Amino acid sequence: MALNGLLEALLWTGDLDARLRELIIMRIGWVTGSVYEWTQHWRLARMLDVSERDLLAVRDWQNANHFGDAERAVLAATDETLRDGTISDGTWAVCRDALQADPGLLVELVAAIGNWRLFSALLRSLDVPLEDGVDEWPPDGVRPS
């Protein structure tokens, strides 16, 4: 599938910090109600040592006082993209400053948000099942409302 190349590049050879990428993916999984995306990336993020506290905090990141500027910037960019289809000028400026990013990294940020938003839609539309024996919505089974 042609989409696989972008997915693999963003996962394994991208410049965006892996922890930030996983927070973005988990936020998308939560907001869009993608059980597959949340469940699969929970496991991947934990293998990458992203804390359970951080992963759970993406559910309500605006009230998670422990997130720093970079986390808040990429999560705001994620929410704006999901809601409006674009990142506002103000959030762009915050992302640029928080990530100390060159233009290429900012393009990758947008590509990551768009890629996993696309995969959320694909996974949900195609009703892709979890593997046998895998519990939904780790760690506590709570689903978005």
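Author: A residue is called buried when its relative accessible area is under 20%, exposed when that area is over 50%, and partly exposed in between. With that in hand, let us look at this predicted model.

Reader: Why is Asp54 called buried?

Author: The relative accessible area of Asp54 is 7%. The cut-off for buried is under 20%, so Asp54 is buried.

Reader: And what makes Arg19 partly exposed?

Author: Arg19 has a relative accessible area of 24%. Partly exposed covers what lies between the 20% and 50% limits, so Arg19 belongs there.

Reader: How do you know that Asp54 and Arg19 meet in a salt bridge?

Author: A salt bridge needs a side-chain nitrogen of Lys or Arg within 4 Å of a carboxyl oxygen of Asp or Glu. For the side chains of Asp54 and Arg19 the N to O distance is 2.6 Å, so the pair qualifies. Asp54 lies in helix α4 and Arg19 in helix α2, so this bridge ties together parts that are 35 residues apart in sequence. Arg19 and Asp54 are also linked with Glu71 in a network of salt bridges.

Reader: How many salt bridges does the structure hold?

Author: Seven. Among them is the pair of Arg59 and Asp140, whose closest N and O atoms are 2.7 Å apart. That pair links distant parts of the chain, with Arg59 in the loop between α4 and α5 and Asp140 in the segment after α7, 81 residues apart. Asp140 has a relative accessible area of 41%, so it is partly exposed.

Reader: What makes Glu136 and Arg143 a salt bridge?

Author: Their closest N and O atoms are 2.2 Å apart, and the limit is 4 Å. Glu136 is partly exposed at 38% relative accessible area, and Arg143 counts as partly exposed at 48%.

Reader: Back to α2, then. Why is α2 described as largely enclosed by the rest of the structure?

Author: Because twelve of its 15 residues are buried. Those buried residues include Leu20, Leu23, Ile24, Ile25, Met26, Ile28 and Trp30.

Reader: How do you know what span to expect for α2?

Author: The expected span is 1.5 Å times one less than the number of residues. Helix α2 runs over residues 18-32, and its 15 residues give an expected 21 Å. From first C-alpha to last, α2 reaches 21 Å, close to that expectation.

Reader: What happens at the two ends of α2?

Author: Asp17 caps the N-terminal end, with a side-chain oxygen 3.1 Å from the backbone nitrogen of Arg19. After the helix comes Gly33, whose phi is positive, near 70°.

Reader: Which residues touch the most other members of the largest nonpolar core?

Author: Leu23, Phe67, Leu99, Leu109 and Trp116 do, out of the 39 residues in that core. Elements that give two or more residues to this core include α1, α2, α3 and α7. In soluble globular proteins, nonpolar side chains tend to be buried together.

Reader: Which helix gives the most to the lining of the largest pocket?

Author: That is α3, with seven residues. Twelve residues line this pocket, and Tyr36, Gln40, His41, Leu44 and Trp116 lie nearest its centre. The pocket has a volume of about 220 Å³.

Reader: One last residue: why is Leu106 called buried?

Author: Leu106, found in helix α7, has a relative accessible area of 7%. Buried means under 20%, so the term fits Leu106.

How values were computed
Residues are numbered from 1 along each chain as its sequence is written. This is a predicted model: local features need pLDDT of at least 70, side-chain atom pairs count only at pLDDT 80 or more; totals for chains, interfaces and linings use all residues. Side-chain values use heavy atoms; hydrogens and water are left out. Helices (H or I, at least four residues) and strands (E, at least two) are DSSP runs, numbered from the N terminus. Buried means under 20% relative accessible area, exposed over 50%, partly exposed in between (1.4 Å probe, protein chains only). A polar contact is a pair of N or O atoms within 3.5 Å; within protein, one must be able to donate a hydrogen and the other to accept it, and residues adjacent in sequence count only if both atoms are side-chain atoms. A nonpolar core is a set of buried Ala, Val, Leu, Ile, Met, Phe, Trp, Tyr and Cys residues joined through side-chain atoms within 4.5 Å. On a 1 Å grid over the protein atoms alone, a cavity is a set of points where a 1.4 Å probe fits but cannot get out, and a pocket is an open set with protein on both sides within 12 Å along at least five of seven lines; lining residues have an atom within 4 Å of a point. Grid points are joined across faces, edges and corners, and a volume is the space filled by probe spheres set on the points.
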